[in-house]
Amino acid sequence: MKPVFRFAPSPNGALHLGHVYSAALNAHMARQAGGRFLLRVEDIDMARCRPEHEAKMLEDLAWLGLAWETPVRRQSEHLADYAAALDVLRQAGLAYPSSLSRADVRRIVEASEADGMVWPRDPDGAPLFPGRDAGEEPGVDADDADVIWRLDVRAAVAHAWRTPGGWMETGRGPDGQTGWQEARPELWGDFILARRDAPASYHLAVVVDDALQGVTHVVRGMDLFHATGAHVLLQDLLGFSRPVYHHHDLILDGESGLKLSKSRGDTAIGQLRAGGMTAADVLRLAGAEFEDEV
């Protein structure tokens with residue numbers, strides 16, 4: 001079976017140099033391995049994703065000289081797949097409903113911190129959800145359209161693993177480590193699986209997509225390294241095969257030191273094109289010039 005790689009951007013803004021590097025690296029590694037290169041459009045965030053952004057994204061990638069297999073998988077066309085995966089977790093008693101909004105959680109956290117408690121936070125800096133007891137509020141209707149579904153991470157770990165799970169890393173982690181990595185899904189607390197405005201969270205959707213597309217190698221930015229622990233747990237709970245992971249360095253803004261952002265329009269490909277750069281110029285600027293072995 002041929003190795004399968006994928007590049008999976010969200011059409012919620014303009015692609016920037018960070019996307020150029022990741023897309024070109026995926027295509028290069030697929031060629032090196034004699035494998036397949038897929039493009040997936042992660043458009044499940046229906047409030048932010050736009051058809052015009054997708055059209056521009058595909059145009060920019062083609063302009064860079066990248067070629068991918070068709071048809072392109074769009075998350076918005078596969079909501080039933082995510083609902084089926086969520087149902088597996090619900091039937092196993094590992095997913096629970098909550099009516100607590102982010103604002104509700106923020107109020108709980110602020111009140112606790114005002115009393116001197118140091119509230120735990122996830123790798124992205126967001127406060128962890130208070131837990132299943134807080135999620136099972138009196139009167140929560142599991143069939144309510146506004147309900148938020150969360151994974152009971154402690155129960156899920158006990159259900160899936162007798163010994164700690166993990167994954168094979170061919171890139172490197174934040175501390176430079178490579179090889180076998182121990183998964184730590186508890187870093188994310190009881191993370192969201194689905195809610196009304198997003199029929200599947202990023203964590204659930206990406207795991208289902210990779211499994212159904214037969215992805216064998218996930219090549220993505222270092223900012224998602226810790227999220228892999230949550231993904232490995234979901235893979236084992238749902239009976240999916242585990243890809244090999246390769247996390248690469250991020251391209252950072254030279255002034256702020258922050259990772260590039262679509263919301264700020266950082267080094268957007270369209271702007272670089274309009275400024276007269278060629279595709280080769282943009283690839284060079286992104287550090288995405290890779291030589292394939294003959």
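The buried residues of α3 pack against quite a list of partners: β3 (73–74), β4 (95–98), β5, β8, α7 and α8. Keep in mind that this is a predicted model. The residues in question are Y82, A85, L86 and L89. Why do they line one face of the helix? Looking down the axis of α3, the buried residues fall within an arc of 100°, so one face is what they line. Over on the other side of α3, A80 and Q91 are exposed.

As for its geometry, α3 has 13 residues and reaches 18 Å from its first C-alpha to its last, close to the 18 Å expected at 1.5 Å a residue. Just after α3 comes G93, with a positive phi of about 75°.

Now for the core. In soluble globular proteins, nonpolar side chains tend to be buried together. Here the largest nonpolar core has 39 residues, and L89 is among those with the most contacts inside it, along with L151, F191, L193, L204, L234 and L237. Elements giving two or more residues to this core are α3 (79–91), β5 (148–151), α6 (153–160), β8 (192–194), α7 (202–212) and α8 (227–238). Which of them gives the most? That would be α8, with seven residues. Take L237: leaving aside residues up to four places away in sequence, L237 touches L89, L94, L151, A156, H159 and A160. Apart from this core lies another, of 28 residues, including Y21, F37, L61 and A288.

On to the aromatics, where the count comes to four pairs. Two of them are set out here.

| Pair | Centre to centre | Angle between planes | Type |
|---|---|---|---|
| Y96 and F129 | 6.5 Å | 40° | tilted |
| W167 and F225 | 5.3 Å | 65° | edge-to-face |

The Y96 and F129 pair links distant parts of the chain, 33 residues apart: Y96 sits in strand β4, and F129 in the loop between α4 (102–114) and α5 (132–135). Are these two buried or exposed? Y96 has 1% relative accessibility, so it counts as buried. F129, at 9% relative accessibility, counts as buried too. F129 also has a charged neighbour, as R150 lies over the face of its ring at 3.7 Å from the ring centre.

W167 and F225 likewise link distant parts of the chain, 58 residues apart, with W167 in strand β6 (residues 166–169) and F225 in the loop between β9 (217–221) and α8. Both W167 and F225 are buried. Add Y245, and W167, F225 and Y245 form one aromatic cluster.

Conventions
Residues numbered from 1 in each chain as written. Predicted model: local features only at pLDDT ≥ 70, side-chain atom pairs only at ≥ 80, totals over all residues. Heavy atoms only, no water. Core = buried A, V, L, I, M, F, W, Y, C linked by side-chain atoms within 4.5 Å. Buried < 20%, exposed > 50% of the residue type's maximum accessible area, 1.4 Å probe, protein only. Helix = DSSP H or I, 4+ residues; strand = E, 2+ residues; numbered from the N terminus. Contact = heavy atoms within 4.5 Å. Expected span 1.5 Å × (residues − 1). Arc of directions from axis to C-beta. Phe/Tyr/Trp six-rings, centres within 6.5 Å; stacked < 30°, edge-to-face > 60°. Lys NZ or Arg CZ within 6 Å of the ring centre and 35° of its normal.
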